[in-house]
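Colleague: I'd like to walk through this model with you before I head back to the bench. Can we start with what your terms stand for?

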Amino acid sequence: MGPTPGYHLAGKPQYCSLRLVAFLLIILLFVFFGEAAGKPISLHVVTLPSRKDVLVLTPWLAPIVWEGTFNIDILNEQFRVQNVTIGLTVFAIKKYMVFLKLFLETAEEHFMVGHKVNYYVFTDRPADVPRVPLRGGRRLLVLEVPGAARWQDVSMRRMEMIGSFCAQRFLREVDFLVCADVDMRFRDHVGVEILSQLFGTLHPGFYGAAREAFTYERRPQSRAHIPRDQGDFYYMGAFFGGSVAEVHRLTTACHQAMMADWANGIEAVWHDESHLNRYLLDHKPTKVLSPEYMWDEQLLGWPAIMKKLRYVAVPKDHQEIRHR
């Protein structure tokens with residue numbers, strides 16, 4: 001995300017005429033198909049207030065999801081007809097197990113409500129996984145994996161393990177996969193509006209910054225390298241996903257790139273997040289989530305641009321958790 005240079009999210013959005021044409025076409029399609037089925041659709045159900053304070057479309061025409069840019073009733077019906085199952089992966093390794101109960105409880109309250117969900121908990125402590133009451137059609141599946149000496153290794157091995165389980169079982173069990181960090185909680189609705197073939201989430205620390213400020217990997221020796229004159233947005237490694245096939249491709253590519261770096265004696269500055277940003281530069285996401293879906297109110301407050309805070313950081317002592 002940089003001015004070009006940089007697609008600033010606050011201020012007057014670009015591509016207004018193109019958005020208007022697309023919007024009108026969508027309305028016409030709803031009206032046409034509604035009347036063809038003998039069920040005229042009232043336009044007030046389809047139309048939504050336009051967000052004029054944020055960028056809602058990327059230069060490659062992928063939507064950026066903010067409150068006020070989608071009709072959840074229409075989307076829920078669409079995905080219910082498809083009878084989709086969504087997988088949610090989370091890693092509770094070592095002391096990070098302390099966050100799992102709140103993560104699951106708030107997911108049951110806010111995540112994909114009304115849809116089938118498989119929670120995939122990767123952990124080295126399966127006996128400590130809390131029992132959380134689940135809604136109908138939702139399952140908790142524990143996947144035992146080894147721990148690691150460093151939190152960075154847990155973070156980087158996540159790509160390898162998600163990719164491996166995509167091939168082993170996720171492709172058969174779910175339609176979409178959402179990959180999330182455990183030291184967070186769901187605070188408001190997070191539903192099918194996020195689902196797409198491949199989505200990434202804007203980093204809350206950089207959503208209004210110019211490209212030059214992004215903390216991409218800048219060393220050419222790394223496979224995660226992004227030159228200073230390149231880059232679209234800076235994505236957070238804590239919330240991404242898509243179809244299982246696309247997540248499989250992403251995690252496999254990132255793991256292979258990390259292994260190539262390891263063989264060359266280099267580790268990307270932000271580990272798997274650096275490789276995620278390189279991948280999403282080369283393989284543009286079909287949907288981008290606004291910082292509503294990844295926020296830290298303790299650090300960033302609650303600016304007016306954020307109508308809702310949906311998935312938020314849990315206050316913690318990073319050093320204590322990472323090094324115990």
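Modeller: Sure. Buried means under 20% relative accessible area, exposed means over 50%, and partly exposed is in between, with a 1.4 Å probe and protein chains only. Helices (H or I, at least four residues) and strands (E, at least two) are DSSP runs, numbered from the N terminus. This is a predicted model, where local features need pLDDT of at least 70 and side-chain atom pairs count only at pLDDT 80 or more, while totals for chains, interfaces and linings use all residues. Residues are numbered from 1 along each chain as its sequence is written, and side-chain values use heavy atoms, leaving out hydrogens and water.

Colleague: Okay, take strand β5: which residues point one way and which the other?

Modeller: Strand β5 covers residues 176-180, and 5 of the 5 are buried, so the rest of the structure largely encloses it. Leu177 and Cys179 point to one side. Pointing the other way are Phe176, Val178 and Ala180.

Colleague: And which residue stands opposite Val178?

Modeller: Two strands pair if DSSP finds at least two bridges between them. Strand β2 (residues 85-92) runs parallel to β5, with 4 bridges joining them. The residue opposite Val178 is Leu88.

Colleague: Which residue in β8 is opposite Ala180?

Modeller: Here the pairing is antiparallel: β5 and strand β8 (residues 239-243) share 5 bridges. Opposite Ala180 you'll find Phe239.

Colleague: Zooming out, which strands stand at the edges of the sheet?

Modeller: The sheet is open, with mixed pairing, and its 8 strands come in the order β1-β9-β7-β8-β5-β2-β3-β4. Each edge strand has a single partner, so one side of it lacks a neighbour in the sheet; those strands are β1 (64-65) and β4.

Colleague: What's the bridge partner of Phe199 in β9?

Modeller: Strand β7 (residues 198-201) pairs with strand β9 (residues 287-289) in the parallel sense, over 3 bridges. Phe199's partner in β9 is Lys287.

Colleague: At about what angle does helix α6 run to β8?

Modeller: Axes are lines fitted to C-alpha atoms, for helices over the stretch in contact (heavy atoms within 4.5 Å), and angles go from 0 to 180 degrees between N-to-C directions. Helix α6 (residues 244-263) lies across β5, β7 and β8, and its angle to β8 is about 125°.

Colleague: On to charges: how far apart are the closest N and O atoms of Arg138 and Glu108?

Modeller: A salt bridge here is a side-chain nitrogen of Lys or Arg within 4 Å of a carboxyl oxygen of Asp or Glu, and the count comes to 15. One of them joins Arg138 to Glu108, with a closest N to O distance of 2.5 Å. The pair links distant parts of the chain, 30 residues apart, with Arg138 in strand β4 (residues 138-144) and Glu108 in helix α4 (residues 100-110). Both residues are buried, and the distance you asked for is 2.5 Å.

Colleague: Glu217 forms a salt bridge with Arg219, so is Glu217 buried or exposed?

Modeller: The closest N and O atoms of that pair are 2.8 Å apart. Arg219 is partly exposed, at 36% relative accessible area. Glu217 has 2% relative accessibility, so Glu217 counts as buried.

Colleague: Last one: which residues are linked with Glu67 in a network of salt bridges?

Modeller: This is a linked set rather than a lone pair. Glu67's fellow members are Glu292 and Arg310.
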